[in-house]
Amino acid sequence: MVVYRFLADVVVVVHGLYIAFVVFGLLAILVGGALGWQWVRNFWFRVLHLAAIGLVVVQALAGIVCPLTSLEKYLRTLAGEATYPGAFIGHWVHRLILYEVPQGYFTIWYCLFGAIVVATILLIPPRWPRRKAEPPRDA
(Lines give C-alpha, C1' and ligand atoms only; values in the text may rest on other atoms or scores of the structure.)
Protein backbone atom coordinates (compact mmCIF):
# COMPACT_ATOMS: atom_id res chain seq x y z
CA MET A 1 0.00 0.00 0.00
CA VAL A 2 2.84 2.41 0.81
CA VAL A 3 4.37 1.88 -2.61
CA TYR A 4 1.10 2.91 -4.32
CA ARG A 5 0.90 6.07 -2.21
CA PHE A 6 4.52 6.87 -3.13
CA LEU A 7 3.82 6.24 -6.84
CA ALA A 8 0.72 8.44 -6.67
CA ASP A 9 2.82 11.22 -5.12
CA VAL A 10 5.40 10.78 -7.89
CA VAL A 11 2.63 11.15 -10.48
CA VAL A 12 1.47 14.37 -8.78
CA VAL A 13 5.01 15.76 -8.85
CA VAL A 14 5.41 14.82 -12.54
CA HIS A 15 2.04 16.46 -13.22
CA GLY A 16 3.24 19.60 -11.43
CA LEU A 17 6.49 19.62 -13.42
CA TYR A 18 4.53 19.28 -16.68
CA ILE A 19 2.39 22.26 -15.73
CA ALA A 20 5.46 24.24 -14.65
CA PHE A 21 7.13 23.52 -18.01
CA VAL A 22 4.10 24.83 -19.89
CA VAL A 23 3.51 27.91 -17.71
CA PHE A 24 7.10 28.93 -16.99
CA GLY A 25 8.14 27.96 -20.50
CA LEU A 26 5.72 30.55 -21.88
CA LEU A 27 6.90 33.11 -19.36
CA ALA A 28 10.53 32.43 -20.33
CA ILE A 29 9.68 32.76 -24.03
CA LEU A 30 7.95 36.11 -23.49
CA VAL A 31 10.67 37.53 -21.23
CA GLY A 32 13.48 35.99 -23.26
CA GLY A 33 12.03 37.29 -26.51
CA ALA A 34 11.92 40.81 -25.07
CA LEU A 35 15.44 40.57 -23.63
CA GLY A 36 17.01 38.85 -26.62
CA TRP A 37 17.75 35.51 -24.95
CA GLN A 38 18.65 33.18 -27.78
CA TRP A 39 17.94 29.92 -25.94
CA VAL A 40 14.20 30.65 -25.95
CA ARG A 41 14.35 30.36 -29.73
CA ASN A 42 15.67 26.79 -29.56
CA PHE A 43 13.64 24.76 -32.04
CA TRP A 44 13.29 21.62 -29.91
CA PHE A 45 12.36 23.54 -26.77
CA ARG A 46 9.64 25.36 -28.69
CA VAL A 47 8.33 22.19 -30.38
CA LEU A 48 8.11 20.39 -27.01
CA HIS A 49 6.45 23.41 -25.43
CA LEU A 50 3.87 23.70 -28.21
CA ALA A 51 3.24 19.94 -28.11
CA ALA A 52 2.79 20.02 -24.32
CA ILE A 53 0.06 22.67 -24.39
CA GLY A 54 -1.36 21.24 -27.63
CA LEU A 55 -1.94 17.89 -25.93
CA VAL A 56 -3.75 19.61 -23.06
CA VAL A 57 -5.95 21.62 -25.45
CA VAL A 58 -6.88 18.55 -27.51
CA GLN A 59 -7.72 16.57 -24.37
CA ALA A 60 -9.84 19.41 -23.00
CA LEU A 61 -11.75 19.92 -26.25
CA ALA A 62 -12.34 16.16 -26.54
CA GLY A 63 -13.53 15.95 -22.94
CA ILE A 64 -10.73 13.53 -22.01
CA VAL A 65 -9.64 13.47 -18.38
CA CYS A 66 -5.90 13.98 -18.01
CA PRO A 67 -4.21 10.56 -17.93
CA LEU A 68 -1.94 11.71 -15.10
CA THR A 69 -4.98 12.59 -12.99
CA SER A 70 -6.57 9.23 -13.77
CA LEU A 71 -3.35 7.37 -12.92
CA GLU A 72 -2.98 9.23 -9.65
CA LYS A 73 -6.56 8.43 -8.63
CA TYR A 74 -6.08 4.77 -9.55
CA LEU A 75 -2.88 4.55 -7.49
CA ARG A 76 -4.55 6.26 -4.52
CA THR A 77 -7.39 3.72 -4.72
CA LEU A 78 -4.83 0.89 -4.67
CA ALA A 79 -3.20 2.58 -1.68
CA GLY A 80 -6.53 2.50 0.15
CA GLU A 81 -6.87 6.28 0.16
CA ALA A 82 -10.26 7.80 -0.48
CA THR A 83 -10.01 11.57 -0.10
CA TYR A 84 -6.64 12.68 1.25
CA PRO A 85 -4.21 12.93 -1.66
CA GLY A 86 -1.22 11.36 0.08
CA ALA A 87 1.96 12.48 1.76
CA PHE A 88 2.90 16.07 2.46
CA ILE A 89 4.61 16.89 -0.85
CA GLY A 90 1.97 15.10 -2.91
CA HIS A 91 -0.80 16.83 -0.96
CA TRP A 92 0.53 20.34 -1.54
CA VAL A 93 1.48 19.85 -5.17
CA HIS A 94 -2.01 18.39 -5.68
CA ARG A 95 -3.62 21.45 -4.07
CA LEU A 96 -1.55 23.79 -6.24
CA ILE A 97 -2.58 22.24 -9.56
CA LEU A 98 -6.17 21.08 -9.07
CA TYR A 99 -9.02 23.49 -8.44
CA GLU A 100 -12.74 22.89 -8.02
CA VAL A 101 -14.32 24.79 -10.90
CA PRO A 102 -16.53 23.63 -13.77
CA GLN A 103 -14.51 21.83 -16.46
CA GLY A 104 -15.64 24.34 -19.09
CA TYR A 105 -13.55 27.05 -17.44
CA PHE A 106 -10.43 24.94 -17.77
CA THR A 107 -11.18 24.24 -21.42
CA ILE A 108 -11.48 27.98 -22.13
CA TRP A 109 -8.25 28.76 -20.27
CA TYR A 110 -6.36 25.93 -21.96
CA CYS A 111 -7.48 27.13 -25.39
CA LEU A 112 -6.53 30.75 -24.62
CA PHE A 113 -3.16 29.65 -23.27
CA GLY A 114 -2.61 27.49 -26.34
CA ALA A 115 -3.47 30.46 -28.58
CA ILE A 116 -0.89 32.58 -26.77
CA VAL A 117 1.73 29.86 -27.27
CA VAL A 118 0.91 29.73 -31.00
CA ALA A 119 1.18 33.52 -31.13
CA THR A 120 4.67 33.34 -29.61
CA ILE A 121 5.69 31.00 -32.43
CA LEU A 122 4.78 33.80 -34.84
CA LEU A 123 6.04 36.75 -32.78
CA ILE A 124 9.18 35.15 -31.36
CA PRO A 125 9.94 32.48 -33.95
CA PRO A 126 12.15 29.55 -33.09
CA ARG A 127 15.46 29.02 -34.86
CA TRP A 128 15.33 26.12 -37.26
CA PRO A 129 17.96 23.45 -36.56
CA ARG A 130 21.03 23.83 -38.69
CA ARG A 131 21.72 21.10 -41.15
CA LYS A 132 25.12 19.54 -40.99
CA ALA A 133 27.30 20.49 -43.88
CA GLU A 134 27.71 17.73 -46.39
CA PRO A 135 31.27 16.56 -46.92
CA PRO A 136 32.77 17.70 -50.22
CA ARG A 137 32.39 15.24 -53.05
CA ASP A 138 35.41 14.02 -54.91
CA ALA A 139 35.39 15.19 -58.48
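A residue is called buried when its relative accessible area is under 20% and exposed when that area is over 50%, with partly exposed in between. Keep that scale in mind, because Ala51, at 46% relative accessibility, lands in the partly exposed class. Before we go further, note that what you are looking at is a predicted model.

Let's start with the whole chain. The protein chain has 5 helices and 0 strands, so if you follow the elements from the N terminus you simply read α-α-α-α-α. Of its 139 residues, 32% count as buried. Now think about who touches whom. Take the contacts between residues at least 6 apart in sequence: 78% of them join residues at least 24 apart.

Helix α1 is a good place to begin the walk. It covers residues 2–35, which makes 34 residues, and at 1.5 Å a residue it should span 50 Å; the C-alpha atoms at its ends are 47 Å apart, so expectation and model agree. Plenty of α1 is hidden from the outside: its buried residues are Ala8, Asp9, Val11, Val12, His15, Gly16, Val22, Gly25, Leu26, Ala28, Ile29 and Gly32. After the helix comes Gly36, with a positive phi near 80°.

Which helices does α1 pack against? One of them is α2, whose axis comes within 10 Å of the α1 axis, the two crossing at roughly 125°. Angles that are neither under 35 degrees, nor over 145, nor from 65 to 115 count as oblique, and α1 and α2 are therefore oblique to each other. Their crossing is left-handed. On the α1 side the contact is made by Tyr18, Phe21, Val22, Gly25, Leu26 and Ile29, and on the α2 side by Phe45, Arg46, Leu48, His49, Ala52, Ile53, Leu55 and Val56.

Another partner of α1 is helix α3, residues 67–78, and here the axes are 8 Å apart with a packing angle of about 160°. An angle over 145 degrees counts as roughly antiparallel, and that is therefore how α1 and α3 lie relative to each other. This crossing is left-handed too. From α1 the contact uses Tyr4, Arg5, Leu7, Ala8, Asp9, Val11, Val12 and His15, while α3 brings Leu68, Thr69, Leu71, Glu72, Leu75, Arg76 and Leu78. Pro67 also sits in α3, and with a relative accessible area of 47% it is partly exposed. Try finding Pro67 and His15 in the structure: they are 52 residues apart along the chain, yet their C-alpha atoms are separated by 9.8 Å.

Next, look at α2 and α5. These helices pack at an angle of about 155°, their axes 9 Å apart, and that makes α2 roughly antiparallel to α5. Again the crossing is left-handed. The residues of α2 that take part are Arg46, His49, Leu50, Ile53, Val56, Val57, Ala60 and Leu61, and they meet Thr107, Tyr110, Cys111, Phe113, Gly114, Val117, Val118, Thr120 and Ile121 in α5.

Two residues from this part of the model are worth a stop. Thr107 lies in α5, and at 15% relative accessibility it counts as buried. Leaving out residues up to four places away in sequence, Thr107 touches Ala60 and Leu61. Then there is Ala51, the partly exposed residue from the opening, whose place is in α2. Ala51 is 63 residues from Gly114 in sequence, but 9.7 Å from it in space, C-alpha to C-alpha.

Finally, what makes up the largest nonpolar core? It has 8 residues in all: Val22, Leu26, Ala52, Ile53, Val56, Val57, Phe113 and Val117. The elements giving two or more residues to this core are α1, α2 (43–62) and α5 (103–123), with α2 providing the largest share, 4 residues. Leu26 is a nice residue to click on here. Setting aside residues up to four places away in sequence, Leu26 touches Phe21, His49, Phe113, Ile116, Val117 and Thr120.

Notes
Residues are numbered from 1 along each chain as its sequence is written. This is a predicted model: local features need pLDDT of at least 70, side-chain atom pairs count only at pLDDT 80 or more; totals for chains, interfaces and linings use all residues. Side-chain values use heavy atoms; hydrogens and water are left out. The expected span of a helix is 1.5 Å times one less than its number of residues. Buried means under 20% relative accessible area, exposed over 50%, partly exposed in between (1.4 Å probe, protein chains only). A nonpolar core is a set of buried Ala, Val, Leu, Ile, Met, Phe, Trp, Tyr and Cys residues joined through side-chain atoms within 4.5 Å. Contact means heavy atoms within 4.5 Å. Axes are lines fitted to C-alpha atoms, for helices over the stretch in contact, and angles run from 0 to 180 degrees between N-to-C directions. A crossing is left-handed if the near helix is turned anticlockwise from the far one by less than a right angle, and right-handed if clockwise.
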